[in-house]
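Student: I would like to test the labels used for this model. Can we take them one by one?

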Amino acid sequence: MLLSVAWNSLLSRKKTVVLTLLSLCVSTMVLISVEHIRLQAKESFNRTISSVDLIVGAPSGQLNMLLYSIFRMGNPTNNIKYESFLMLQQHEVVEWAIPLSLGDSHRGFRVMGTNGSYFTHYKYGNNQNLRFKEGREFDGLFDAVIGADVAKTLGYQVNDKIVIAHGIGSTSFTHHEQAPFVVSGILLPTGSPVDKTVHISLEAIEAVHLPPSTIQTVLNNPKNAALRPESITSVMLGLTNKFAIFRMQRELNNYSNDRLMAILPGVAMAELWSLMSTVENLLRAIAALVLISSLFGLATMLLASMNERQGEIAVLRVLGAGPFTLLLLILFESLILICISIAMAISGLKVMLVILDGWMVSEFGLFLSHNLLSSEIVSLIGLVILATMIVSLYPGIEAYKKALHMQLTGK
């Protein structure tokens, strides 16, 4: 009965209630969306690369190795021998190995040398494979596969010719014009650093650095050219047995024939994310302040309505409602408003996620789940309801005092 009375009381004050409800809905939506995006961004960040058990390179610190191997940022301090890659490829616990060779660029985008294993075993997001929008992976010596952002920004299509340059700057004075590449394929957007990468073969990396006279020989007979690299930047490994990861890491860190360092990408990702905790907490604080301001608005609305509700309170007193009943009435009104605003916020966010899902993946690499009722969000909703009840206590106590005063004075 008290809930019914609270509902009808809210309906009698539609204009102020609707405005308060909209304010609560917007602030609740901001709070839930910030928390959801924070949680999903962290997961999406950790899923920039999937199913890679170890990354092996020259000793340089795990964050530096993660940045240049996965995010194509910075430069390695040194390379590792190509023989080390062959050793890894043939190791008994290694299921697959992807070699990476960095150092060149194309109009501001990084060029990466690799082999066919990259397109077979590299995964991102929820263990999704790389897929082609058009074309195919590189086959000829001077074929190149470009990411979605490279194609979009530079307007490239399959069979277009590109010239790579030495170094990683957007402007370079050393271009390998004697060995132009042909775009053989364009990858679908992944929302990861793959989109901003030009992929060529390891042999091509070696070929473009040969003297011009030798380059011409290679161009005339690319299939028979022996272009085995002497060194590469790093190697991504997938192991046959996950329990062997730490044993393999220890073995590689103590490898005697080359200076190697093996890192766990998940651990390095977590360390990198922790560096952004200040920004993360700042966003949460701003969202919380927005909600608090709306809750104060709710309390103000309830207090302002006290004078208008003298007649309503008097009728309730005649019907036998005590001071505590009126306190509960105010709290129930607040509970109804916050529950409706939470339902509206979640429904609105679900619709927005469905509409903007593809855009957020392609533009920001955010793989946002449509499930807004994770344990963290449910806990947050509980805190919002509790905060609403606490803020509503003040107008509720005022109603309690008025009812008590009427009871004592008989007015």
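**Labels and their grounds**

Tutor: Start at the surface of this predicted model. V351, M352, V354, I355, L356 and W359 make a nonpolar surface patch of about 590 Å².

Student: Where does V351 sit?

Tutor: V351 belongs to helix 13, residues 323-364.

Student: Why is V351 called partly exposed?

Tutor: The relative accessible area of V351 is 48%. Buried needs under 20%, and exposed needs over 50%. V351 meets neither cut-off, so it counts as partly exposed.

Student: What makes V351 eligible for a patch?

Tutor: Patch residues need over 30% relative accessible area. V351 has 48%.

Student: Which residues of helix 10 are buried?

Tutor: In helix 10, residues 265-274, the buried ones are P265, A268, M269, L272 and W273.

Student: How do you know that the buried residues line one face of the helix?

Tutor: Look down the axis of helix 10. Its buried residues fall within an arc of 135°, so they line one face. In general, an α-helix has 3.6 residues a turn, so residues three or four places apart point the same way.

Student: What share of the chain is buried?

Tutor: Of its 411 residues, 48% count as buried. The exposed surface of the chain is about 19900 Å², with 61% supplied by carbon and sulfur atoms.

Student: How confident is the prediction, and where is confidence lowest and highest?

Tutor: The mean pLDDT is 83, and 85% of residues reach 70 or more. Confidence is lowest in helix 12, residues 310-318, at a mean of 63. It is highest in strand 8, residues 143-146, at 96.

Key: Residues are numbered from 1 along each chain as its sequence is written. This is a predicted model: local features need pLDDT of at least 70, side-chain atom pairs count only at pLDDT 80 or more; totals for chains, interfaces and linings use all residues. Side-chain values use heavy atoms; hydrogens and water are left out. Buried means under 20% relative accessible area, exposed over 50%, partly exposed in between (1.4 Å probe, protein chains only). Accessible areas come from the Shrake-Rupley method with a 1.4 Å probe; for residues, only the protein chains shown count as cover. pLDDT is the predictor's confidence in each residue, from 0 to 100. Helices (H or I, at least four residues) and strands (E, at least two) are DSSP runs, numbered from the N terminus. Patches are made of residues with over 30% relative accessible area and no salt bridge: like charges are joined within 9 Å, nonpolar side chains (Val, Leu, Ile, Met, Phe, Trp, Tyr) within 5 Å. A salt bridge is a side-chain nitrogen of Lys or Arg within 4 Å of a carboxyl oxygen of Asp or Glu. The arc is that of the directions from the helix axis to the C-beta atoms.
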